[in-house]
2 protein chains.
Amino acid sequence: MSGAAASDGAAPGPTDGTDGTDSTDDDLHARVLLTRVIEPGDEIGGRWVREHGVREVARRLRDGPPLPGVSAQRWAGLRARAERAEPVRDLAAARAAGVRFVPPGTGEWPGPLDDLGDARPLGLWLRGRPSLRIWALRSVALVGARACTPYGAHMAADLAAGLAERGWVVVSGGAYGIDGAAHRGALGAGGATVAVLACGVDRPYPRGHTALLTRIADQGLVVGELPPGDHPTPARFILRNRVIAALTRGTVVVEAACRSGSLVTARAAQRLGRHTMAVPGPATSALSAGAHELLRGDAVLVTDAAEIVEQVGEMGELAPVRRGPVLPRDLLEPAARRVLAALPAHRAAAAGEIARGAQTTEDDAIARLYELRALGHVERHGDGWKLTRESTTPVGAGRDPR
Amino acid sequence: MSGAAASDGAAPGPTDGTDGTDSTDDDLHARVLLTRVIEPGDEIGGRWVREHGVREVARRLRDGPPLPGVSAQRWAGLRARAERAEPVRDLAAARAAGVRFVPPGTGEWPGPLDDLGDARPLGLWLRGRPSLRIWALRSVALVGARACTPYGAHMAADLAAGLAERGWVVVSGGAYGIDGAAHRGALGAGGATVAVLACGVDRPYPRGHTALLTRIADQGLVVGELPPGDHPTPARFILRNRVIAALTRGTVVVEAACRSGSLVTARAAQRLGRHTMAVPGPATSALSAGAHELLRGDAVLVTDAAEIVEQVGEMGELAPVRRGPVLPRDLLEPAARRVLAALPAHRAAAAGEIARGAQTTEDDAIARLYELRALGHVERHGDGWKLTRESTTPVGAGRDPR
């Protein structure tokens, strides 16, 4: 397709690869520019990118004729945004803040996000060591009310810790209430957690979670589709939820009032064919009414981490054990390979001990251990980590479980 | 079939009518005798009655040869019970205590109990004015733990009051905890309630509920399949639950631990094709674990009376309004007809006013009003009662909505 672009000059085909991935710095800069111009979840912008390619859309926004079907007023608005965009500076600022940009289709891109179609993010900004692609393989979203009850906060922390202990990654939105309790529960159990923000990932929001988000970036991942410095808006909060839903194997609503944003996440998960779950609460609690509404529909009632894993793990939980060969060690990244090599042959070891053996920090070791867990090499046993039978048995040609 | 009985004398066909109903005093006495001999829910005893008729089974138990397929030891045990049975005295004692005996197939027998097959009660003993058959048409079971939490008791009372206000009859087991709260909730809303006991209905059990059960008998119905004076046993409690499940349109488990007897009722309801519902509670509450177990299966989550009616009312709730003609007034019993005649033409009236108009007690008026509600003649409006449009419109030939 590329190279065979239409010759009328008005609507050339994608110039940056048939699958929409970027192959040059120009492509990358064009894409980063678009993250400043096109709002998250804008399906029209997504269609432009799919039909014309990022470079052509960026070129038009800078000095070309409007794209077909867009009003003059809207086009002027988009152009004004494009004029102020400075992708090269954005990328440099991100790099300086330890933030990387992951375009769709590249190595660290989580494939499940493609289920969003034209509403898929233009790219993700990431703070943290682990591979988002691999972590997303075994991840569950825990979401809920900001103004939650002590019961809701307890349940979120408890479920998150239980998921972490079973080797699952806890994804949430970094907000007060249920989100924060979920992140803290995972971190407190030495587990893996991902915060998906509705603003630039260099910008701690809410402010009161600055320390928590820094800790998540150290021990896990802070993710967002908005460029550095960008601020959250009500619409962005809502649209962020589709990323949480698409990224994970299932969404658990812990506590939510009717019309809560968490229900948006749950319904997005449902539409995307992900598992939807909810935690029951007193019928007298307005903050459980949203969860109960879901449970009167297709959501599954869950009361502990084992019940969540029973749902999301149907395919994946036992899969690495049942499917045979795991990803061969020599296909692992060097950092993960070093951590794997540091695990004792026949017993469980604590993350600290493994980190010392792999000559890295404990946070880095934990990040790698959850990757290795997602790939079927290791298992969590209480507070320690152990090689799986599959990893200790030499195998022939393996295949990527994705 | 009757009269065409097998001639070998060993296994004659039923001699008391092809449908198993009793047509003579002998039949009635034989059946009452059997309620002392055969335990509730004994399907073998039920099969004997179906195959041989009550008179033949009673005759054999008194002085005939054993029925085929029963061990000598068991037969001796049954005979010993039969020897001590005094059906004529039982009926007289019952009558003196204001208790009536309702055999299957007779006017007041609730047809849905026949769904129990050979485990259907041999008969029911009733204390109270209303017609059980008619009340059962629009009834819901509220069941749950004896040692319930304040939350559970609140929910039971609240749901019962809400059901009563919507013209539904609340059925429960008369026990402490959820059962008691449900009965009281219905009574407190001037509503209709039925207690199904696991002992003789003249014997208040539990003792602490003597006053409550007396009030239920005054304002509603106390029902049981055991003859006067008989005592409850653990097995009888469990088997009583099948009657609650079969009698009602649906069963709601309000609060129940795992392995609770209420789950037996819910599962019986499920097997019988009745609606099964449960009230959620905190995931941390052991007394909601049983309800949550049901909700992870096929039970529907309910948090208020409207949601219960949405389930059980699918067919019946709107049916009297939509199906056209209600049971014609001249087919009503005289007591119900008098109450119906006392309702004002174009406005709602309180039960007390209607009772005065019908020259009866308020309790009796309420009993009749719930019958009339089940038959589509009246509706509850807040604290008052009003004629339905159907009842005020003269109709031609009606038909029994059953």
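**Entry 1: polar contacts.** I began with the interface of chain B and chain A in this predicted model, where I found 8 residue pairs in polar contact, both partners at pLDDT 80 or more. I then looked up which elements of chain B give two or more residues to the side that touches chain A; they are α7 (150-165), α12 (289-295), β9 (300-301) and α13 (305-316). The largest share, 3 residues, comes from α7(B). Sorted by class, this side of chain B has 10 nonpolar, 5 polar and 3 charged residues.

**Entry 2: salt bridges.** I next checked for charged pairs and noted 4 salt bridges across the interface of chain B and chain A. One that I looked up joins the side chains of B:Arg296 and A:Glu307, at 3.5 Å from N to O.

**Entry 3: extent.** I recorded that 18 residues of chain B are in contact with 18 residues of chain A. The area buried between the two chains is about 1300 Å², and carbon and sulfur atoms give 65% of it. On the side of chain B, I found that B:Ala283, B:Arg296 and B:Leu301 lose the most area to chain A, together 44% of what that side buries. B:Arg296 thus appears here as well as in the salt bridge with A:Glu307.

**Entry 4: symmetry.** I asked how the two copies are related. Chain B is superposed on chain A by a rotation of 180 degrees with 0.0 Å of shift along its axis, at an RMSD of 0.1 Å. The copies are therefore related as by a two-fold rotation axis. In chain B, the C-alpha nearest this axis belongs to B:Gly281, 2.3 Å from it. I noted last that the same surface serves both copies, as 100% of the contact residues of chain B recur in chain A.

Conventions:
Residues are numbered from 1 along each chain as its sequence is written. Chains are lettered from A and ligands numbered from 1 in the order in which they are written. This is a predicted model: local features need pLDDT of at least 70, side-chain atom pairs count only at pLDDT 80 or more; totals for chains, interfaces and linings use all residues. Side-chain values use heavy atoms; hydrogens and water are left out. Contact means heavy atoms within 4.5 Å. Buried area is the accessible area (1.4 Å probe) that two parts lose on being put together, summed over both. A polar contact is a pair of N or O atoms within 3.5 Å; within protein, one must be able to donate a hydrogen and the other to accept it, and residues adjacent in sequence count only if both atoms are side-chain atoms. Helices (H or I, at least four residues) and strands (E, at least two) are DSSP runs, numbered from the N terminus. Ala, Val, Leu, Ile, Met, Phe, Trp, Tyr, Cys and Pro count as nonpolar, Asp, Glu, Lys and Arg as charged, and the others, Gly among them, as polar. Copies are superposed by least squares on the C-alpha atoms of residues with pLDDT of at least 70 in both.
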